[in-house]
Amino acid sequence: MSGLARGKVLFRYADLIEQHTDELAYLETLDNGKPFLLSKYGDVDVVVKGLRNVAGWADKISGQTYKMDGPYQGMSLYEPYGVTGAIIPWNFPMAMFMMKVGPALAAGNTMVVKPAEQTPLTALYLAALAKEAGLPDGALNVVPGFGPTAGAAIASHMDINKLGFTGSTEVGKIVMEAAAKSNLKPVTLELGGKSPVIICEDADLDVAVDIVNLALFFNMGQCCTAGSRIFVQDTIYDAFVAKAVEKAKKRVVGDPFKPEVEDGPQVDETQFKRILEYIESGKAEGAKLLTGGCAVGNKGYYIEPTIFGDVQDDMKIAREEIFGPVMSVLKFKTLDEAIKRANNTAYGLAAAIVSNDIDVANRFTRSVRAGTVWINCYHVYDHSLPFGGYKTSGFGREQGLHSIHSHMQLKAIITPLKDSPWL
C-alpha cells in the first residue's frame, strides 16, 4: 500500500478506538487494575493521539540526495523490514501495544504482537478494531501466550526481521540473545529504571511534593520511569518528608471502578508479594518506614502508598527496581554529590530535578545519564518526543518519526551521471 493509503486506514483505526473508549477502558482496568478514569482519560487518549501522530507520517517518509565526489548521484531510501515483532508488558497494555504497532504499520511492515499473559484483553480488542478499520488480513497478528513459549518464538523466529520489547532488563537480555542467535534481527529495548528525582533547597515544597507523589505512585508504582529515588537537599529534608507523608496518607486505595479511587490493586499475586518483600527488606536494612508498608484489606492485591526515609544508596530498595508504590527518600548536600549518586545505578531511563534555578537545572540535565529528564514536572510525555533509555534501561528510541525510522531499513543507491552540466 502507498503511504497515503496506509495513513487513511490508520486514521480510521484511531477513530474507531476513540468510539470504543469505554469498552477499552473497562477491559484495561479489568485486566490491569488501574483506575478506570485513568484508563479512559489517560491510556485510551494516549493510544488515539499516538496512532494519529504516526498515521500523519505515513506518506511523509523520505530519504536524502547526496552530492558525491565524481560523476555519480547518491540517494538514501527508507524501506520497511517486512515482518516485525513486538513483546509488550502488563503495566500499560494499550499504550505499549500502539507504541509498537502504530509505527510499524505506518512504515509499511506487518507485525506479530505478544501481549503480556496478565493483560491480553485490550490487545485482542484492538486487533478486532484494526480489522474493522480496513487493515489487510495478516498485517496485524496478536498471539497471546507466555514469555518462555510465545515470546521466545517471536524473538527467535527466522522470518521476523525486527523486534521491539518493553519489560524488565533481565528478560530484555534473554530477548536480545535469542534475536542474535536466530537471524540477528535488530532489537529495540525499553527496559527497567530506578529514576532519581532531585529536590533542591530553593524548590517550592508543595510543588515538589506533588511532583514526587505523581512520579512514584502513578499507576500504583508500576511504571518503568517511576521516580523511586527521591534525593532531597539536607536543609529542607525534614520539612519535605513531613509534607510527602501527609500527602501519601491521603491517597485513596480501593476498587478501581470507583471514581474517587487513585490506586487500584497491583497487577497480580506475584507482583503483590514481590513488593511486600521489598518493603520487608527496607525495614531489615535500617530504612525508616514513614508511612504505609502493609497490604490493604484481606482480599485482592492492594498495598498502601509507602515511604521510607533515611535510605542509603547501598540498600536494596534504593538499588533495585521495585515496580510498586514504595518511595525511597535520600538526603544530599551539594549538586555535585546528587549528580554522582543519581548516576550511580545500572539504569538510565529517566530523571528529574525540582529547582527554581535554571542554571542548576540545566547542569543536572546535561550531567545525568538518562533518556528523559524532567525539570519541575514528571510523567509528561508527547508523541513528538523520542523515548528510550541509557545503560541497562535499553536502547533505541520510540514515538514519532524516531519510531517509524526504527522500523525501517536505510538503503543507499548510487547511479552514474552522464554528461551532467555540473557535478
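Here follows a friendly exchange about a predicted model, its sheets, rings and contacts.

Residues are numbered from 1 along each chain as its sequence is written, and side-chain values use heavy atoms, with hydrogens and water left out. Because the model is predicted, local features need pLDDT of at least 70 and side-chain atom pairs count only at pLDDT 80 or more, while totals for chains, interfaces and linings use all residues.

Reader: Glad to start with the record: which residues does UniProt list for "domain: Aldehyde dehydrogenase"?

Author: The name comes from an unreviewed UniProt entry; UniProt positions are given in the numbering used here, feature names are shortened, and annotations may be inferred rather than shown by experiment. The span is 42% helix and 19% strand, with its end C-alpha atoms 26 Å apart. Helices (H or I, at least four residues) and strands (E, at least two) are DSSP runs, numbered from the N terminus. The domain is listed for residues 5–413.

Reader: In what order do the three strands of the open antiparallel sheet stand?

Author: Two strands pair if DSSP finds at least two bridges between them. Strand 1 (residues 65–67) and strand 2 (residues 72–80) are joined by three bridges, and strand 2 pairs with strand 16 (residues 408–416) over nine bridges. Both pairings are antiparallel. The order is therefore 1-2-16.

Reader: And which strands of that sheet stand at the edges?

Author: A strand with a single partner strand has one side left without a neighbour in the sheet, so it stands at an edge. That is the case for strand 1 and strand 16.

Reader: Which residue in strand 2 is the bridge partner of Thr65, and which residue takes a positive phi in the hairpin?

Author: The hairpin of strand 1 and strand 2 has four residues between the strands. In strand 2, Thr65 has Met75 as its bridge partner. The positive phi, near 120°, belongs to Gly70.

Reader: Which strands are the edge strands of the six-stranded sheet?

Author: This open sheet has mixed pairing and runs in the order 5-4-3-6-7-15. Strand 7 (residues 187–190) pairs with strand 15 in the antiparallel sense over two bridges, and Leu189 has Phe395 as its bridge partner there. Pairing on one side only marks the edge strands, which are strand 5 (140–142) and strand 15 (394–395).

Reader: Is the residue under the UniProt annotation "active site" buried or exposed?

Author: In the unreviewed entry, the annotation covers Glu190, a residue of strand 7. Buried means under 20% relative accessible area, exposed over 50%, and partly exposed in between (1.4 Å probe, protein chains only). The relative accessible area of Glu190 is 2%, so Glu190 is buried.

Reader: What kind of aromatic pair do Tyr381 and Phe387 form?

Author: Rings of Phe, Tyr and Trp (its six-membered ring) pair if their centres lie within 6.5 Å; planes under 30 degrees apart count as stacked, over 60 as edge-to-face and the rest as tilted. The structure holds eight aromatic pairs. Tyr381 and Phe387 have ring centres 6.0 Å apart and planes at 80°, so the pair is edge-to-face.

Reader: Which of these two residues is buried, and which is partly exposed?

Author: Both belong to one aromatic cluster, together with Trp374 and Tyr378. Tyr381 has a relative accessible area of 35% and is partly exposed. At 6%, the buried residue is Phe387.

Reader: Over which rings do the charged ends of Lys316 and Lys331 sit?

Author: A charge sits over a ring if NZ of Lys or CZ of Arg is within 6 Å of the ring centre and within 35 degrees of the ring normal. For Lys331, the charged end is 4.6 Å from the centre of the ring of Tyr237. For Lys316, the distance is 5.2 Å, and the ring is that of Tyr278.

Reader: With which side chains does the side chain of Arg251 make polar contacts?

Author: Arg251 lies in the loop between helix 9 (237–249) and helix 10 (269–284), and counts as buried at 15% relative accessibility. A polar contact is a pair of N or O atoms within 3.5 Å; within protein, one must be able to donate a hydrogen and the other to accept it, and residues adjacent in sequence count only if both atoms are side-chain atoms. One contact, of 2.7 Å, is with Asn213. Another, of 2.8 Å, is with Asp263.
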